[in-house]
Amino acid sequence: MARRIEVTGAGGVRLAAWEFGDPPKGEPAGVVPEQPPPLGTARQTGRPTARERPPGRAVPPGPTLRVVSQRDHGDPTDDEPRGVAGGPGSHGGPGGPATSDGPRTSKTPDRPVAPAAQDTPGVLLLHGLMGRASHWASTARWLSGRFRAVALDQRGHGQSDRPADGTYTRDAYVEDAEAAIEQLGLGPAVLVGHAMGALTAWQLAAKRPDLVSGLIILDMRASALGAASQREWADWFRAWPVPFATLADVRKWFGEDDPWVERPHRARGEFYAEVMREEQDGWHPVFDPEQMLSSREAWVLDAHWEELAQVRCPSLVVRGLDGELGRAEAQEMVRVLPRGQYAEVSDAGHLVHYDQPEGWLTAIEPFLDQILTDLTT
């Protein structure tokens with residue numbers, strides 16, 4: 001089950017956070033049942049998640065909790081959480097689908113999890129550009145046995161507000177994540193971020209070390225990508241033949257016809273079908289491409305090594321062998337991080353956790369075990 005919790009971000013922007021795991025006993029005042037949306041990346045797997053909300057971690061007054069449950073079939077509507085996308089390129093784009101029925105190219109790993117301790121530590125999961133919180137569903141459910149796992153729809157994404165005034169700065173994204181940890185009582189939390197979400201995570205860890213107990217960086221570069229990269233993305237968005245007549249057309253274009261695709265990539269087509277919504281004239285992206293470009297412009301022109309060096313908590317850099325983050329740069333990031341560690345996953349692209357879900361969990365499990373040991377000793 002996932003529970004939607006509203007968070008107030010920077011500038012009063014309303015953010016949707018999703019807590020994964022068994023609900024606490026008894027519902028607080030103001031809980032309103034919602035129609036059960038699919039959660040994008042995986043079905044319930046039946047793993048043990050015997051857990052109650054620990055003392056001292058109750059959601060503070062203010063945010064409204066709405067209980068949602070998972071639907072096993074059917075296409076998502078515009079107000080339901082969907083998947084995450086990467087960007088141009090056969091590796092930069094999504095490496096696996098995020099459908100209402102779960103990944104179609106890989107089985108969600110059925111890994112045993114220990115029951116959560118009474119004083120459950122928090123995890124905040126941050127998706128990449130064009131993504132949604134549900135992109136972390138299978139990872140979050142696996143985590144929920146030992147952590148309080150919450151995934152955030154970042155501003156401009158998912159069910160969170162899309163401010164029209166251009167407030168898609170790095171500071172805004174970081175302050176939103178900071179607000180989520182504080183308002184949900186997650187801190188000190190483990191931050192897990194993919195791509196843009198990973199940058200937000202390490203910038204927050206540098207800014208507020210008191211809120212962060214550990215950091216997992218998934219396939220995000222610290223080097224500046226440059227103005228040419230931003231122009232390529234603008235050209236890529238303009239190349240989309242929007243509106244698409246059908247979801248089949250979406251799947252075919254992103255999986256085969258997209259000029260950034262080097263070879264047919266069925267999973268990529270399935271993946272992009274999950275970040276589309278149906279309107280009167282056809283299928284459109286659920287996000288505003290111009291807002292995505294604004295979000296991206298806030299980081300691609302600058303390098304972020306200095307902020308990495310300011311992260312004091314244990315940190316794990318994870319890359320797919322065919323992802324956007326090269327091995328040499330990843331290992332340099334580990335060297336710059338004061339307490340950095342390194343892991344790589346074979347046969348995986350940019351979306352490591354979709355391409356190789358079992359390999360992804362295997363890569364992060366020892367690190368999380370270390371964090372739990374540190375927190376209890």
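# Worked exercises on a predicted model

**Exercise 1. Work out whether the length of helix α3 fits the rise per residue.**

Step 1: helix α3 covers residues 196–207, which is 12 residues. Helices here are DSSP runs of H or I with at least four residues, strands are E runs of at least two, and both are numbered from the N terminus.
Step 2: the expected span is 1.5 Å times one less than the number of residues, so α3 should span 16 Å.
Step 3: the end C-alpha atoms of α3 are 17 Å apart, which agrees.

Before going on, note that this is a predicted model, where local features need pLDDT of at least 70, side-chain atom pairs count only at pLDDT 80 or more, and totals for chains, interfaces and linings use all residues. Residues are numbered from 1 along each chain as its sequence is written, and side-chain values use heavy atoms, leaving out hydrogens and water.

**Exercise 2. Decide how enclosed α3 is.**

Step 1: get the cut-offs straight: buried is under 20% relative accessible area, exposed is over 50%, and partly exposed is in between (1.4 Å probe, protein chains only).
Step 2: go along the helix, and you'll find buried residues including Met196, Leu199, Trp202 and Ala206.
Step 3: 11 of the 12 residues of α3 are buried, so the helix is largely enclosed by the rest of the structure.
Step 4: now step back to the whole protein, where 59% of the 377 residues are buried.

**Exercise 3. Describe two aromatic pairs and say what they link.**

Step 1: rings of Phe, Tyr and Trp (its six-membered ring) pair if their centres lie within 6.5 Å; planes under 30 degrees apart are stacked, over 60 edge-to-face, and the rest tilted. The whole structure has 14 aromatic pairs.
Step 2: Trp236 and Tyr272 sit 6.1 Å centre to centre with 75 degrees between the planes, so this pair is edge-to-face. Trp236 belongs to helix α4 and Tyr272 to helix α6, 36 residues apart, so distant parts of the chain are linked.
Step 3: check burial: Trp236 has 1% relative accessibility and Tyr272 has 0%, and each counts as buried.
Step 4: Phe244 and Phe254 are a tilted pair, 5.7 Å centre to centre and 45 degrees between the planes. Phe244 is in the loop between α4 and α5, while Phe254 is in α5, so the pair ties together parts 10 residues apart in sequence.
Step 5: these four residues also turn up in a cluster linked by ring pairs, along with Trp233, Phe237, Trp240, Trp253 and Phe287.

**Exercise 4. Find the backbone oddities around Gly187 and Ala195.**

Step 1: the peptide bond from Gly187 to Pro188 is cis, with omega near -10 degrees. Gly187 lies in the loop between α2 and β6, and at 30% relative accessibility Gly187 is partly exposed.
Step 2: look across the fold: Gly187 and Gly122 are 65 residues apart in sequence, yet 6.4 Å apart in space, C-alpha to C-alpha.
Step 3: move on to Ala195, in the loop between β6 and α3. Ala195 isn't a glycine, but has a positive phi of about 55 degrees.

**Exercise 5. Say where you should read the model with care.**

Step 1: pLDDT is the predictor's confidence in each residue, from 0 to 100. The protein's mean is 78, and 74% of its residues reach 70 or more.
Step 2: over residues 23–86, pLDDT stays under 50. Residues 89–118 are also below 50.

Conventions:
Contact means heavy atoms within 4.5 Å.
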